[in-house]
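Me: I have a structure open on my screen and would like to talk through its sheets and a few side chains. Could you help me read it?

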Amino acid sequence: NTGAQNVVITNNIITRSSLRGILLRSGGIVEDNFLYDNPVGIQVGNTASRVIGNVILDGNSQPGIESGMGIDVIALPSVKISSNIIANQAGTNTTGAAGIDLETGTKNATVNSNIIYDWSNAVLNNATRGVTIMSNELQDDGSGNSILINQQRSADLDLYDYADNVYSTDHDDIAKLVGSAESFNDWDNASGETDPSLTKIGYSAPTRS
C-alpha cells in the first residue's frame with residue numbers, strides 16, 4: 001500500500017486476478033513477470049517506478065469497471081515503461097481499455113521499446129507533462145479495430161515527445177488527438193513525431209495463448 005518502500009516484483013507468473021495482477025500504490029520496480037487473463041495487468045502510482053520486460057497477455061473486462069488494461073499508471077513523479085510485450089486484449093471494453101494508460105497526474109514518463117499488439121487503445125495518453133513515447137511497435141491484428149495512440153491533451157501544450165514508433169492498422173485512422181480521428185499523415189503533422197513509420201511487422205505466432 002502507500003508508504004511501502006523499495007518494492008521489487010520480479011520473475012512471477014500472475015494469472016486470473018479479480019481485478020489487478022499487480023497493484024503498487026507505493027510504486028516500485030516491476031520486472032520480468034508474466035501476466036495472463038487479468039482485467040488490469042500492472043498498476044503503479046504515487047512514487048517513481050519502473051515497469052520493464054514484462055509479458056502481459058489477454059487482458060479481460062469486468063462488468064461496470066474500466067478494465068482491459070495492460071499497464072496503468074496513476075499520478076506519480078516519474079516512470080519508465082520499457083521492453084514489455086502487451087498482446088491480445090480478450091475483453092470487449094473499448095472506452096477505458098489500453099495497453100498502456102498514462103493517467104492525469106503522471107509526469108516525466110518514458111515509454112520506449114514496447115510491443116503492443118491487438119489492443120483497442122495501444123497507448124492512452126492523458127499524462128500531465130514530460131512524456132516521451134518512442135521506438136514502440138504499436139500494431140493492430142489486422143481487424144482494424146485499434147486506436148494506436150489516443151492522445152487526450154492538446155498538441156499545442158507541448159506536453160509530449162513522440163519519435164520512431166512503428167504503426168500498423170488496416171483502417172485509415174491510426175490515432176486520436178483530443179477526440180479527433182487522425183490518419184497517419186495527419187498524426188505525423190499534428191504531433192510533430194520524429195521519424196514515425198507505417199509498417200506491418202510479421203511476428204511469430206502473435207495470437208498464441
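What follows is a short set of questions and replies on this predicted model.

Me: Glad to start with the sheets. In what order do the seven strands of the open sheet stand, and what is the pairing?

Reply: Happy to help! The strands of this open sheet follow the order β1-β4-β7-β10-β13-β16-β19. As for the sense in which these seven strands pair, it is parallel.

Me: Which strands stand at the edges of that sheet, and why is one side of each left without a neighbour?

Reply: An edge strand here has a single partner strand, so one of its sides has no neighbour in the sheet. Neighbouring strands of this sheet are turned by 5 degrees against each other on average, direction ignored. The two strands at the edges are β1 (8-10) and β19 (160-163).

Me: Let me zoom in on β13. How many bridges join β13 to β16?

Reply: Strand β13 has pairings to look at with both β10 and β16. With β10 (residues 79-82), β13 (residues 107-112) pairs in the parallel sense over four bridges. Strand β16 (residues 129-134) also runs parallel to β13, and the number of bridges joining them is five.

Me: Which residue of β13 is the bridge partner of S82?

Reply: It helps to walk along the pairing. I81 has V111 as its bridge partner in β13. For S82, the bridge partner in β13 is N112.

Me: Now the other sheet. What is the order of the eight strands, and which strands stand at the edges?

Reply: This open sheet has mixed pairing and the order β3-β6-β9-β12-β15-β18-β21-β22. Each edge strand has a single partner strand, so one side of each lacks a neighbour in the sheet. On average, neighbouring strands of this sheet are turned by 10 degrees against each other, direction ignored. The edge strands are β3 and β22 (180-183).

Me: Within that sheet, which residue in β12 stands opposite I71?

Reply: Strand β9 (residues 69-73) and strand β12 (residues 98-102) run parallel, joined by four bridges. Opposite I71 in β12 stands I100.

Me: Which strands does helix α1 touch, and what angle does its direction make with that of β22?

Reply: Helix α1 (residues 184-191) packs on the sheet of eight strands. The strands it touches are β18, β21 (173-177) and β22. Its direction and that of β22 make an angle of about 105 degrees.

Me: Is N150 buried or exposed?

Reply: N150 lies in strand β18 (residues 147-151). Beyond its neighbours within four places in sequence, N150 is in contact with N121, V123, L124, N125 and K176. The side chains of N150 and N121 make a polar contact at 3.2 Å. With a relative accessible area of 11%, which is under the 20% cut-off, N150 is buried.

Me: Last one: which residue forms a salt bridge with D37, and how far apart are the closest N and O atoms?

Reply: The count comes to one salt bridge, and this pair links distant parts of the chain, 21 residues apart. D37 sits in the loop between β5 (34-36) and β6 (40-44), and its partner in the loop between β2 (13-15) and β3 (20-24). D37 counts as partly exposed at 22% relative accessibility, whereas the partner counts as exposed at 57%. That partner is R16, and the closest N and O atoms are 3.9 Å apart.

Technical notes: Residues numbered from 1 in each chain as written. Predicted model: local features only at pLDDT ≥ 70, side-chain atom pairs only at ≥ 80, totals over all residues. Heavy atoms only, no water. Pairing = 2+ DSSP bridges. Salt bridge = Lys/Arg side-chain N within 4 Å of Asp/Glu carboxyl O. Buried < 20%, exposed > 50% of the residue type's maximum accessible area, 1.4 Å probe, protein only. Polar contact = N/O pair within 3.5 Å; in protein donor to acceptor, adjacent residues only side chain to side chain. Contact = heavy atoms within 4.5 Å. Axes fitted to C-alpha atoms, helices over the stretch in contact; angles between N-to-C directions.
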